[in-house]
Amino acid sequence: MVLYKLADFEPNYRDSFEGQDINGLGVYTQGSDEKIGSVTDVLVDEEGHFRYLVVDLGFWIFGKKVLLPIGRARIDYNVERVYTIGLNRQQAESLPEFNERQTLDYDYEERVRGVYRQPTDYTLPVEASTPVDALAPLDTPTPTPTPTPTYTRDDYNYEREPSLFGLNEQENQTLKLYEERLIASKRRQKTGEVSIGKHVETDTARIAIPIERERVVIERVTPADAGTAVSAREADFREGEVARIEIHEETPDVRKEAFLREEVRVRKVVDQETVETQETVRREELDVNSGNLPIEER
């Protein structure tokens with residue numbers, strides 16, 4: 001049998017108690033206002049049933065924590081108290097100390113249960129629904145103790161000891177009402193991919209280049225002294241080439257060079273949007289068929 005702390009077993013356990021918390025409640029002896037300590041934790045079994053209250057006996061025994069079986073406790077939220085049934089100082093001193101670092105095995109629990117099984121002057125166990133004023137006075141005759149049965153590691157279960165772990169199931173039945181809730185989560189999936197590459201396109205580029213060409217212009221003119229006689233020495237009659245002029249022209253010289261035109265930057269951006277979805281959820285409601293009997297709901 002494995003025991004768990006209530007907060008570890010059900011982190012939202014306060015919702016089941018309408019926001020109330022048993023941790024921190026003062027612990028008092030039955031039928032008196034003598035405070036013996038306070039509740040520091042609750043231990044539950046694998047099915048979530050309360051089995052022990054962890055009580056810090058700082059008012060009785062400084063620095064000692066012990067286990068109080070749930071059947072020996074009555075929780076009264078109206079006065080924010082826990083009343084013990086049959087726990088006296090002698091028992092408290094005999095109880096093994098509770099240490100969170102130790103394993104709660106069968107042998108340890110048997111040591112705890114063995115102390116509570118010892119006959120004491122406590123009254124019969126009362127139920128959680130019994131008012132404080134209805135508790136029997138301390139001078140109530142002590143019931144005759146019954147023989148203590150034997151238990152073994154293999155066959156023990158908490159239901160065999162209702163005086164330690166039992167509650168009145170007829171007057172304190174607990175029904176769990178369940179409801180479904182939508183739990184939203186996100187799943188990342190691939191919707192496609194974008195491939196980016198390059199290709200070469202060709203085009204005909206035109207460029208205008210001004211060029212120069214030389215040509216020979218032969219111009220004949222009549223001098224102003226035309227008709228004037230010249231001497232034989234001035235008259236130079238010759239045949240053949242008398243002058244040479246070089247002719248030049250420019251031709252276009254075109255070459256290609258590569259230049260950076262632009263940069264292309266590729267990146268991803270995330271667009272956010274809210275998507276609404278709906279599902280049909282179920283919730284359990286309580287149906288009470290009492291006939292003509294009066295029923296009080298709280």
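**View 1. Strands E2 and E3 pair in the antiparallel sense.** Gly-26 has Ser-38 as its bridge partner in E3. The model is predicted: local features require pLDDT of at least 70, side-chain atom pairs count only at pLDDT 80 or more, and totals for chains, interfaces and linings use all residues. Residues are numbered from 1 along each chain as its sequence is written, and side-chain values use heavy atoms, with hydrogens and water left out. Strand E2 covers residues 26-28 and is joined to E3 by 3 bridges; two strands count as paired if DSSP finds at least two bridges between them. Helices (H or I, at least four residues) and strands (E, at least two) are DSSP runs, numbered from the N terminus. The two strands form a hairpin with 6 residues between them, and in the turn Gly-31 has a positive phi of about 75°.

**View 2. Strand E3 is largely enclosed by the rest of the structure.** E3 spans residues 35-44, and 7 of its 10 residues are buried, so the strand is largely enclosed. Buried means under 20% relative accessible area, exposed means over 50%, and partly exposed lies in between (1.4 Å probe, protein chains only). Strand E1 (residues 4-5) runs antiparallel to E3 and is joined to E3 by 2 bridges. Within this pair, Lys-5 has Leu-43 as its bridge partner.

**View 3. Strand E4 links E3 to E5 through antiparallel pairings.** E4 covers residues 50-56 and is joined to E3 by 6 bridges. Ser-38 stands opposite Asp-56, and Val-44 stands opposite Phe-50. The hairpin of E3 and E4 has 5 residues between the strands, and Gly-48 takes a positive phi near 85°. With E5, E4 forms 5 bridges; one partnership joins Val-55 to Val-66. Of the 7 residues of E4, 5 are buried, so E4 too is largely enclosed by the rest of the structure.

**View 4. Leu-43 belongs to the largest nonpolar core.** A nonpolar core is a set of buried Ala, Val, Leu, Ile, Met, Phe, Trp, Tyr and Cys residues joined through side-chain atoms within 4.5 Å. This core has 39 residues, of which Leu-43, Tyr-52, Leu-53, Leu-57 and Leu-67 touch the most other members. At least two core residues come from each of E3, E4, strand E5 (65-69), helix H3 (106-117) and helix H4 (162-165). Not counting residues up to four places away in sequence, Leu-43 touches several residues, among them Leu-3, Tyr-4, Phe-50, Tyr-52, Leu-67, Phe-98 and Leu-104; contact means heavy atoms within 4.5 Å.

**View 5. The second largest pocket is lined by 27 residues.** Arg-187, Arg-188, Gln-189, Val-270 and Asp-271 lie nearest the centre of this pocket. On a 1 Å grid over the protein atoms alone, a pocket is an open set of points where a 1.4 Å probe fits, with protein on both sides within 12 Å along at least five of seven lines; lining residues have an atom within 4 Å of a point. The lining has 9 nonpolar, 7 polar and 11 charged residues. Here Ala, Val, Leu, Ile, Met, Phe, Trp, Tyr, Cys and Pro count as nonpolar, Asp, Glu, Lys and Arg as charged, and the others, Gly among them, as polar.
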